[in-house]
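Visitor: Could you walk me through this model and tell me, term by term, what stands behind each label?

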Amino acid sequence: MNAVLTTAVSGLAAQAKRLEVSASNVVNVHSKSVRPGDTPQAGDFVPHKVALTSVAGGGVRAKAVPVDPPSVQVYEPGAPDADAEGFAARPNVDLATEFVTQLDAKRSYQANLKLIEVQDELLGDLLDVVS
């Protein structure tokens, strides 16, 4: 596979990972989260973000890393996991940021697909010229 396709395919995988992580954060925005200073227990949701790093030779690698801090204190006195003062730990997820992340990942995914299409057309034209 040539460098252009390798770069585009790694970009597709990275954007898919961004969408996956963001969707998980959105779905779990009201889930129980770990309190600051505590260790996560079963049922606690820890939100993630995606770190993108360049790969030698072209392309990108996507890795999900936990958000720090993983939770924020929200006043929910009726929540089953609320403390004596009525505060509950909820995932540190901003829905507006997640929406923008999803839109950006979608557009980046489309751009990488277009790159593959153009590369395919150019290779086809090259073969027509050579033959």
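The conversation below takes several labels in turn and sets each value against its definition.

Guide: This is a predicted model, in which local features need pLDDT of at least 70 and side-chain atom pairs count only at pLDDT 80 or more, while totals for chains, interfaces and linings use all residues. Residues are numbered from 1 along each chain as its sequence is written, and side-chain values use heavy atoms, with hydrogens and water left out.

Visitor: What makes Arg18 and Asp104 a salt bridge?

Guide: A salt bridge is a side-chain nitrogen of Lys or Arg within 4 Å of a carboxyl oxygen of Asp or Glu. In the pair of Arg18 and Asp104 the closest N and O atoms are 2.9 Å apart, so the pair meets that definition. This salt bridge links distant parts of the chain, with Arg18 in helix α1 and Asp104 in helix α2, 86 residues apart. Helices (H or I, at least four residues) and strands (E, at least two) are DSSP runs, numbered from the N terminus. The structure holds five salt bridges.

Visitor: Why is Arg18 called buried, and which class does Asp104 fall into?

Guide: Buried means under 20% relative accessible area, exposed over 50%, and partly exposed in between (1.4 Å probe, protein chains only). Arg18 has 14% relative accessibility and therefore counts as buried, whereas Asp104, with a relative accessible area of 37%, is partly exposed.

Visitor: How do you know that Asp44 and Lys32 meet in a salt bridge?

Guide: Their side chains meet at 2.5 Å, N to O, and the cut-off is therefore satisfied. Both Asp44 and Lys32 lie in the loop between α1 and β1, so the pair ties together parts that are 12 residues apart in sequence. Asp44 is buried, with a relative accessible area of 16%, while Lys32, at 34% relative accessibility, counts as partly exposed.

Visitor: What joins Glu76, Asp81 and Arg90 into one network?

Guide: The side chains of Asp81 and Arg90 meet in a salt bridge at 2.8 Å, N to O, and both of these residues are buried. Salt bridges that share partners join Glu76, Asp81 and Arg90 into one network.

Visitor: How do you know that Glu98 has no salt bridge?

Guide: Lys and Arg count as positive and Asp and Glu as negative, whereas His and the chain ends are not counted. For Glu98, which is buried, the nearest side chain of opposite charge is Arg18, 8.6 Å away, and the salt-bridge cut-off is therefore not met. Glu98 lies in helix α2, which runs over residues 95-130. Contact means heavy atoms within 4.5 Å, and Glu98 touches Ser22, Asn25, Val26 and Val93, not counting residues up to four places away in sequence.

Visitor: Where does Glu98 stand in the largest pocket, and what makes a space a pocket?

Guide: On a 1 Å grid over the protein atoms alone, a pocket is an open set of points with protein on both sides within 12 Å along at least five of seven lines, whereas a cavity is a set of points where a 1.4 Å probe fits but cannot get out; lining residues have an atom within 4 Å of a point. The largest pocket is lined by 15 residues, of which Asn25, His48, Lys49, Glu98 and Thr101 lie nearest its centre. The elements that give two or more residues to this lining are α1 (3-27), β1 (48-54) and α2. The volume of the largest pocket is about 200 Å³, a volume being the space filled by probe spheres set on the grid points, which are joined across faces, edges and corners.

Visitor: Why are Leu95 and Ile116 called partly exposed, and why is Pro80 called exposed?

Guide: Leu95 has 44% relative accessibility and so counts as partly exposed, and Ile116, at 23%, also counts as partly exposed. Pro80, at 86% relative accessibility, counts as exposed, and Pro80 lies in the loop between β3 and β4 (87-91).

Visitor: What does Leu95 touch beyond its sequence neighbours?

Guide: Leaving aside neighbours within four places in sequence, Leu95 is in contact with Val26 and Val29. Leu95 and Val26 are 69 residues apart in sequence and 6.7 Å apart in space, C-alpha to C-alpha.
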